[in-house]
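User: Please take a close look at how the chains meet in this model. I am a first-year student, so explain each term as you go.

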2 protein chains.
Amino acid sequence: MSEIIELCRRAREASYALAAASRATKDAALHAMAAALRANADRIVTANAHDVTAAREAGTPESTVDRLALDRGRVDAMAAGLEQLAGLVDPVGEVVRGYTLPNGLELRQVRVPFGVVGIIYEARPNVTADAAGICLKSGNAVLLRGSSSAASSNAEIVAVLRDAVVEAGLPADVIQGVPGDRAAVKELMQARGLVDVLIPRGGAGLIRTVVSESTVPVIETGVGNCHVYVDADADLDLALTILLNSKTQRPSVCNAAESLLVHATVADEFLAAALPALADAGVTVHGDDKVVALGKDVVPATDEDHAAEYNSLDLSAAVVDSLDGAVEHIRKYSSGHTDAIITRSQAASRRFVQAVDSAAVVVNASTRFTDGGEYGFGAEIGISTQKLHARGPMGLPEMTSTKYVVIGEGQIRT
Amino acid sequence: MSEIIELCRRAREASYALAAASRATKDAALHAMAAALRANADRIVTANAHDVTAAREAGTPESTVDRLALDRGRVDAMAAGLEQLAGLVDPVGEVVRGYTLPNGLELRQVRVPFGVVGIIYEARPNVTADAAGICLKSGNAVLLRGSSSAASSNAEIVAVLRDAVVEAGLPADVIQGVPGDRAAVKELMQARGLVDVLIPRGGAGLIRTVVSESTVPVIETGVGNCHVYVDADADLDLALTILLNSKTQRPSVCNAAESLLVHATVADEFLAAALPALADAGVTVHGDDKVVALGKDVVPATDEDHAAEYNSLDLSAAVVDSLDGAVEHIRKYSSGHTDAIITRSQAASRRFVQAVDSAAVVVNASTRFTDGGEYGFGAEIGISTQKLHARGPMGLPEMTSTKYVVIGEGQIRT
């Protein structure tokens, strides 16, 4: 048996004890994990220093090195995240629906853990603790495959967390790191039946690879080409405030706006104010012919621009003749993450909400709110941009399946 | 552009109108579809006669020919099924959760159609009308790929249904048959982004092919190796009644029992009554050593027997030393469809329900109840044996995704 298959089997075996664990046991484990991170902060920071040195030697950009680097403060934040998880409601056991059938059978649909979850992620080592915590609270054994650039940090964090869960009376194998090369990851992606779901967290390339190479079911996360559409009936001051916030408040994240659409009847007035304001904020606008004609610093947009997730201070922009024109543009280019309309019209907002098929459709607010924390979930494993199982920010309930429990007193079918 | 891609694009385009259609429009379409099936019953029966003749000429077993054959009565039953769908609640628009965030944003999670659904199925041409109806009611455009042995029947049914939806004001392309050879089906399975979900309905071979060859997300349905476990604390008369019903009431279906487990302390007494009763009912028992020792007609069971979905009057049987032994056996061999315990013990039932991770876990009742109709769903597209998205019988809500609708008045993130 290969090392990866052996790992998966151990995770499956450990998952049975975790699935049966009470909330009290799981919360005790989360507190033990947090305490262990704090107690071993020096060990973790030292291991991380190896990764940081290696990254710098390999010529990694300083912004990426910053994402990789841990200090005591960041380790403390990881611990605090685990303690926060302990305060959240346990999704396992929640009765999703329940009633008594005409023949007296009592039917309940109950949340249960998936069993074994694989997380494949890039860079930030804090994901190791976050994902381990979310999986533990939702009753799932987890296989963690981080970036090779964070291998020392992740190995240390996993070792610390494994010791802590054992202290709390759970098997160490509910948390495991996945070692090995790309072939090992490939084997993980093919471990259908042993791994219940894979969640890739990272760039579009990583997600594409996992989706195309996995036979294990995958939940896609995180690619965001989010639109802000300024309707004919928009409050234009409000529209500009929302656009600037959506684009510039944190340009590197998936819920930042990447595309602006403006209704033709307000395009002159809105863009006369918006283009200088965007320029002041350091934003480069890639516009269609109409937008180019209205602003001196606008770069002509290609088809790729309209489809791009820049993750930078760039914005594609187009003028549309109607709300339906905006919907058509969004259907063509949106990644289905978050799309917003700015309007005072009830009819326009209703039509936009119905017609735009994205994980989040927003009226008169920033696209930046699509986030498990903002939605009040208390924890987030990622933002699903697929339609199956979970869509939008995924909290603890999204990390569960369900089963039907049917209680009778001898009922048979006739 | 290939014919299949063109078909998918037309389905996507048509899906927009269907997603926006009111329940009244969809119900009118379902009634029009039912009326059209009845009005064109002769045409459909004639087309079916070609398939039946070809099947007989190819030496198809008479039981399979019976599944394929349509008469006016069966066409009428298809029509009645569509009328029943019209009476069900529309899942689209249901608010799954909703609240107001601290910043005043109104958040709602709302059911929306998937968009485009592909159904790949075998034999019975009635699935063509059933699946078309369920997809239409849940707001999804459907691509129907039936068995080539039912090609004439399916083509005629699809033509009749397409005309009917147009009458009701919906685009014909919300219902399409998928023509062509295996290469066409392969293309359908690879149409990620154009098709939102594929649902295979048929034997284990079909399901394995679709799962392994698709990049489109798949919902697995229907393989059932269901267990009946007779606990030490079972009412043995009740256990025998339930066992016989689970095994013999309809042996060819996925929720029929295929495996019997008996606790050692009641094995002698229970099997002394059960083995003759099973033999009287025509059931061949494939038992482990202990079962073989207790019955004269028991065939020794192989590992394959314990894993088998017989779909026939065969039953594997084993004696276990404890409830945990039963759980372990089920974890090893069950297909995760439906597993039942017969017991008077509250503790045993609680432990079994917690530890057995199947779509349905049953206490003191027949396995045969795992069914959308029995569960009160009013319609069923299949029984999911996977953990992602839907598990167990899938009704109309399971044929939807959700989106978050966020309504504000200028909220930005700070």
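Analyst: **From one salt bridge to a shared sheet**

Let's start inside one chain: A:Lys137 and A:Asp27 make a salt bridge, with their closest N and O atoms 2.8 Å apart. A:Lys137 belongs to helix α6 (residues 126–137) of chain A and A:Asp27 to helix α2 (residues 23–39) of chain A, so this pair ties together parts that lie 110 residues apart in sequence. A salt bridge here is a side-chain nitrogen of Lys or Arg within 4 Å of a carboxyl oxygen of Asp or Glu. Helices (H or I, at least four residues) and strands (E, at least two) are DSSP runs, numbered from the N terminus. Over all chains, the structure holds 50 salt bridges.

This is a predicted model, in which local features need pLDDT of at least 70 and side-chain atom pairs count only at pLDDT 80 or more, while totals for chains, interfaces and linings use all residues. Residues are numbered from 1 along each chain as its sequence is written, chains are lettered from A and ligands numbered from 1 in the order in which they are written, and side-chain values use heavy atoms, leaving out hydrogens and water.

Now to the place where the chains meet. Chain A brings 67 residues to the contact and chain B brings 68 residues, where contact means heavy atoms within 4.5 Å. Between them the chains bury about 5,800 Å², 53% of it on carbon and sulfur atoms. A:Leu388, A:Tyr404 and A:Arg413 supply 15% of the area that chain A buries against chain B, more than any other three residues. Buried area is the accessible area (1.4 Å probe) that two parts lose on being put together, summed over both.

Charged and polar partners appear here too. Eight salt bridges are counted between chain A and chain B. In one of them, A:Lys387 partners B:Asp196, and the closest N and O atoms are 3.2 Å apart.

Which strand of chain A should you look at next? Among the elements that each supply at least two residues to the side of chain A touching chain B are α1 (3–20), β1 (95–100), β2 (106–113) and β16 (400–411). The most comes from β16(A), with 11 residues. By class, this side of chain A has 34 nonpolar, 17 polar and 16 charged residues. Ala, Val, Leu, Ile, Met, Phe, Trp, Tyr, Cys and Pro count as nonpolar, Asp, Glu, Lys and Arg as charged, and the others, Gly among them, as polar.

Follow β16(A) across to the other chain. With strand β13 (residues 360–365) of chain B, β16(A) pairs in the parallel sense over five bridges; two strands pair if DSSP finds at least two bridges between them. Here A:Tyr404 stands opposite B:Ala360 in β13(B).

Step back and you can trace an open sheet of 10 strands with mixed pairing, in the order β1(A)-β2(A)-β16(A)-β13(B)-β12(B)-β7(B)-β8(B)-β11(B)-β9(B)-β10(B). β1 of chain A and β10 (299–300) of chain B stand at the edges, each with a single partner strand, so one side of each has no neighbour in the sheet. In a regular strand, side chains alternate between the two faces of the sheet.

At the chain A end, β1(A) and β2(A) run antiparallel and are joined by five bridges. A:Arg97 has A:Gln109 in β2(A) as its bridge partner, and A:Thr100 stands opposite A:Glu106 in β2(A). Their hairpin has five residues between the strands, and there A:Gly104 takes a positive phi near 90 degrees.

At the chain B end, strand β9 (residues 284–287) and strand β11 (residues 314–320) of chain B pair in the parallel sense over four bridges, with B:Asp314 in β11(B) as the bridge partner of B:Thr284. β9(B) also pairs with β10(B) in the parallel sense, over two bridges, and B:His286 stands opposite B:Val299 in β10(B).
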